[in-house]
Amino acid sequence: MKTVLIHGMVMAPSFWAAFAPSIVREGSAAAYPLPGHSPWRLDDHSGDLDALDIVNAYAGAIERDFGGEPVTLIGHSTGGFVSLLLARHRPDLVNTVVLMGAFACGRFEGQERLASRILRLPLLGRILFVRLFTRWIATRESFRWGSLDCVFDKSAEWENDETIAAMERVREHLLNSRADDIARFVSWMSQTSLIDELALIEVPVLNIIGARDAIVPPAHQIHLSGRLPRVQTVILDRVGHLPMAEARDAVDRLISTFLFFGPLAAGHPPRQRKPAKAEGFRPAASLRF
């Protein structure tokens, strides 16, 4: 099985080193960053970001790492948004999509993300965003406490030596990112919507929703499912925005069952290309425009 993992906003590919579903580790996988997140810098793209530029960058990475054969996309939060974008515009490279805490537009129904609201402030928005972001990632403790907002049950024993080390590696990646690049991506995302295009996504989708998600409203995630023609939706009680951490065993079973017994035959047949050289789990694969 060939898998591409895409993390959420202000996270990093190294997030998946601890939180990737078990089935992913049995095949060939790569984890890619979001635009503007280290090591993907936006130096070579001076104008406004464009959806097709982003799609082409990910498509180029899949063609490079997997010989152009279709993959399963696993996207968390903003990574889910990007996964849907790829499935819409490059279905030849996508067999199936797994979403967790995902959304289909940068501004939810009746709600706008705090980062987007800050960036919309005239004159001082970008400066304030950069200062808050820099302060958040400055120390291990400040980053940890900020990340805990994603978790519903703060007392759940999802933190251990492995996951704590993984989150510290995420923070180190973010320290190597440029806040201005991330701000550009957030601004682009807040102006972009896939809602009206979801009906055109024909690949099978598994949508895992945390019923207590405080970051992406569960109502939006359910609305997203209602627009997809081929979707299996699972709502997990007492789970927040990090299902893969808060309910790891349940998520592992759901994804394994979906990939083994779901409608994989609906995927596009692989194109005849040189075999991929991406064997093994590689959480630090990079992208550039």
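Is Asp213 buried or exposed? In this predicted model, Asp213 has a relative accessibility of 6%, and because buried means under 20%, the residue counts as buried. Asp213 sits in the loop between strand 5 and helix 9 (218–227). Its side chain is engaged with backbone atoms a little further along the chain: a polar atom of the Asp213 side chain lies 2.8 Å from the backbone nitrogen of Ile215, and the backbone nitrogen of Val216 is found 3.0 Å from a polar atom of that side chain. Once neighbours within four places in sequence are set aside, the residues in contact with Asp213 are Gly101, Pro218, Gln221, Val239, Gly240 and His241.

Gly210 makes a natural companion to this loop residue. Gly210 belongs to strand 5 (residues 205–210) and is buried, with a relative accessible area of 1%. Leaving out residues up to four places away in sequence, Gly210 touches Pro218, Leu236, Val239 and Gly240. Pro218, Val239 and Gly240 also appear among the contacts of Asp213. As for backbone separation, the C-alpha atoms of Gly210 and Arg238 are 7.2 Å apart, with these positions 28 residues apart along the chain counted as their offset.

A further buried site is Ser83, in helix 3 (residues 78–89). Its relative accessibility is 0%, so Ser83 counts as buried. Beyond its neighbours within four places in sequence, Ser83 is in contact with Ile6, Leu73, Ile74, Gly75 and Val97. For one of these partners, Leu73, the C-alpha atom is separated from that of Ser83 by 6.2 Å, the two residues being 10 apart along the chain.

Attention can now turn to whole elements. The secondary structure of the protein amounts to 11 helices and 7 strands. Helix 8 (residues 179–190) offers a simple check on geometry: at 1.5 Å a residue, its 12 residues should span 16 Å, and the C-alpha atoms at its ends are 16 Å apart, in agreement with that expectation. Helix 8 is also largely enclosed by the rest of the structure, because 11 of its 12 residues are buried. The buried residues of helix 8 are Ala179, Asp181, Ile182, Ala183, Arg184, Phe185, Val186, Ser187, Trp188, Met189 and Ser190, a list in which charged residues such as Asp181 and Arg184 appear alongside Phe185 and Trp188.

How do two helices pack against each other? Such a pair is described by the angle between the axes and the distance between them. The axes of helix 6 (residues 140–147) and helix 7 (residues 161–175) come within 10 Å and cross at roughly 105°. This angle makes helix 6 roughly perpendicular to helix 7. On the helix 6 side, the contact is made by Arg140, Phe143 and Ser147, while helix 7 supplies Ile164, Met167, Glu168, Val170, Arg171 and Leu174.

The nonpolar interior comes next. In soluble globular proteins, nonpolar side chains tend to be buried together. The largest nonpolar core here has 92 residues, of which Phe15, Trp16, Tyr58, Trp188, Leu198 and Ile255 touch the most other members. Helix 2 (residues 51–66) gives the most to this core, with 9 residues. Trp188, named among those core residues, is also one of the buried residues of helix 8.

Two totals complete the picture. Of the 289 residues of the protein, 55% count as buried. Among contacts between residues at least 6 apart in sequence, 81% join residues at least 24 apart.

Note on methods: Residues numbered from 1 in each chain as written. Predicted model: local features only at pLDDT ≥ 70, side-chain atom pairs only at ≥ 80, totals over all residues. Heavy atoms only, no water. Core = buried A, V, L, I, M, F, W, Y, C linked by side-chain atoms within 4.5 Å. Buried < 20%, exposed > 50% of the residue type's maximum accessible area, 1.4 Å probe, protein only. Helix = DSSP H or I, 4+ residues; strand = E, 2+ residues; numbered from the N terminus. Expected span 1.5 Å × (residues − 1). Contact = heavy atoms within 4.5 Å. Polar contact = N/O pair within 3.5 Å; in protein donor to acceptor, adjacent residues only side chain to side chain. Axes fitted to C-alpha atoms, helices over the stretch in contact; angles between N-to-C directions. Parallel < 35°, antiparallel > 145°, perpendicular 65-115°, else oblique.
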